[in-house]
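Please walk through this protein one region at a time, beginning at its surface, passing into its interior and ending with its charged pairs.

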Amino acid sequence: MGMMVLFGCMFLAFSLPAAIFWFVVRKSAKLVIIMYTSAFMWVLAAVSSAIVWNIVIPLKDARWWAVFLAVPFQELFRWLFWKLIKKAEVGLNLLSKDGEVTITRELVSLAAGLGFGCMTAVMQFNMVLDANDGPGSLPSPGCSSVNFAVISALLTLVFFTFNIFWTFLAYQSFEARSRRGGGVGKSDWMFVTAVLSHYVASYITLNNDEGGTCQATLVPEFLLLLFVGLCVWFALGVRIKVNGKHYL
C-alpha cells in the first residue's frame, strides 16, 4: 500500500477522534483520565469475551458466535465504567470546572465513548495495516475496484461514531434509572436501542464474509448510524429553535 493511500485512510479513520480529543477532551485533565480509563475498560471487555470464545471450542470458528459474545461484554463493561464514574462524581468532585471546561455528564459520556471508540478503531485498523504491509494494493472482496483499506477506514469511522452514540444512549438510560431508584421505565428504550443497534451493526459486517458487496455493508451501516444519531438527538433533548419555536 502506497504512502498516500496509507495516510489518506488513516486521516479518514482517525480525523474525527483526533478532532474530538483536540477541541474538547484535552482541555480537561479529568476528561483525559476518563478517556484513557474507558479505553482500558474496552480492553478488559475484549479480553473477557476472548477467554469465553476460546473455551467454547465447537463454536470457535463461527464468527456469529464471536459477535454474540463480544457485544454483551462491551455493554457490561460500559455499564461498569458508568458505575465507577458515579462513585467518582462525589468522591473526586468530578462534575465541576476543570481548566477551560465545566464538566457535565454529557462531556463525561463523550470522553467515555471516545475511549471505547478509539480502542475499537485502533484494533480494527491495525488488522488492515497488517494485511496491507506489502507494496501492492489489496482490492476489497466485495468491490474489486476499491482498495480494501478505504472500505475498512470507512467502517472504522462508522464504528467509532457508533461507540460515541451508544455511550450517550446507555449513560442517559443509566442516569434516568438511577434517579428513579431502579425498575423499568420509559428511559430504558435508550439502552435497548444501544444494545440492539450494536448487534445489528456488528452482524451487518458479516456480509463481507458471505461474499456480499461493499454497498450491502456500508449503506445499511450509515443508515443505522443516522438512526442511532437521531435517537441520541432526542435522548439529549436537543431541539432546533427558529423564531422562538422549537422543532424536532
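**From the surface to the core**

With a relative accessibility of 55%, Phe11 counts as exposed, because the threshold for that class is over 50%. The model in which Phe11 is seen is a predicted one. Phe11 belongs to helix α1, which covers residues 3–23, and together with Met3, Phe7 and Met10 it makes a nonpolar surface patch of about 420 Å².

The setting of that patch is the fold as a whole, where seven helices and six strands are found, and where the elements follow one another from the N terminus in the order α-α-α-β-β-α-β-β-α-α-α-β-β. Of the 248 residues, 44% count as buried, while the accessible surface comes to about 13,200 Å², with 70% of it belonging to carbon and sulfur atoms. Among contacts with a separation of 6 or more, 70% are between residues 24 or more positions apart.

Turning inward, the largest nonpolar core has 49 residues, and those with the most contacts inside it are Leu31, Ile34, Phe162 and Leu169. At least two residues of this core are supplied by each of α2 (29–55), α3 (63–91), α4 (105–131), α5 (148–180), α6 (188–204) and α7 (214–235). The largest share, twelve residues, comes from α5. A second core, separate from this one, has six residues, including Cys9, Val128, Ala149 and Ala153.

Which residues does Leu169 contact, leaving aside its neighbours within four places in sequence? Leu169 is in contact with Met190, Phe191, Thr193 and Ala194, and also with Val228, Cys231, Val232 and Ala235.

Helix α6 has 17 residues and reaches 24 Å from its first C-alpha to its last, close to the 24 Å expected at 1.5 Å a residue. Its buried residues include Asp188, Met190, Thr193, Ala194, Val195 and Ser197, and further along His198, Tyr199, Ala201, Ser202 and Ile204.

The charged pairs come next. Side chains of opposite charge can pair when their charged atoms come close. The structure holds four salt bridges, one of which joins the side chains of Glu175 and Lys86 at 3.2 Å, N to O. Since Glu175 lies in helix α5 and Lys86 in helix α3, this pair ties together parts that are 89 residues apart in sequence. Glu175 counts as buried because its relative accessibility is 8%, whereas Lys86, at 24%, counts as partly exposed.

Glu175 also forms a salt bridge with Arg105, the closest N and O atoms being 3.3 Å apart. Here Arg105 lies in helix α4 and Glu175 in helix α5, so the pair ties together parts that are 70 residues apart in sequence. Arg105 is partly exposed, with a relative accessible area of 35%.

Another salt bridge is formed by Asp188 with Arg180, their closest N and O atoms being 2.8 Å apart. Asp188 is buried, with a relative accessible area of 17%, while Arg180 is partly exposed, with a relative accessible area of 32%. Which residues are joined into one network by salt bridges that share partners? They are Lys86, Arg105 and Glu175.

How values were computed. Residues are numbered from 1 along each chain as its sequence is written. This is a predicted model: local features need pLDDT of at least 70, side-chain atom pairs count only at pLDDT 80 or more; totals for chains, interfaces and linings use all residues. Side-chain values use heavy atoms; hydrogens and water are left out. Patches are made of residues with over 30% relative accessible area and no salt bridge: like charges are joined within 9 Å, nonpolar side chains (Val, Leu, Ile, Met, Phe, Trp, Tyr) within 5 Å. Accessible areas come from the Shrake-Rupley method with a 1.4 Å probe; for residues, only the protein chains shown count as cover. Helices (H or I, at least four residues) and strands (E, at least two) are DSSP runs, numbered from the N terminus. Buried means under 20% relative accessible area, exposed over 50%, partly exposed in between (1.4 Å probe, protein chains only). A nonpolar core is a set of buried Ala, Val, Leu, Ile, Met, Phe, Trp, Tyr and Cys residues joined through side-chain atoms within 4.5 Å. Contact means heavy atoms within 4.5 Å. The expected span of a helix is 1.5 Å times one less than its number of residues.
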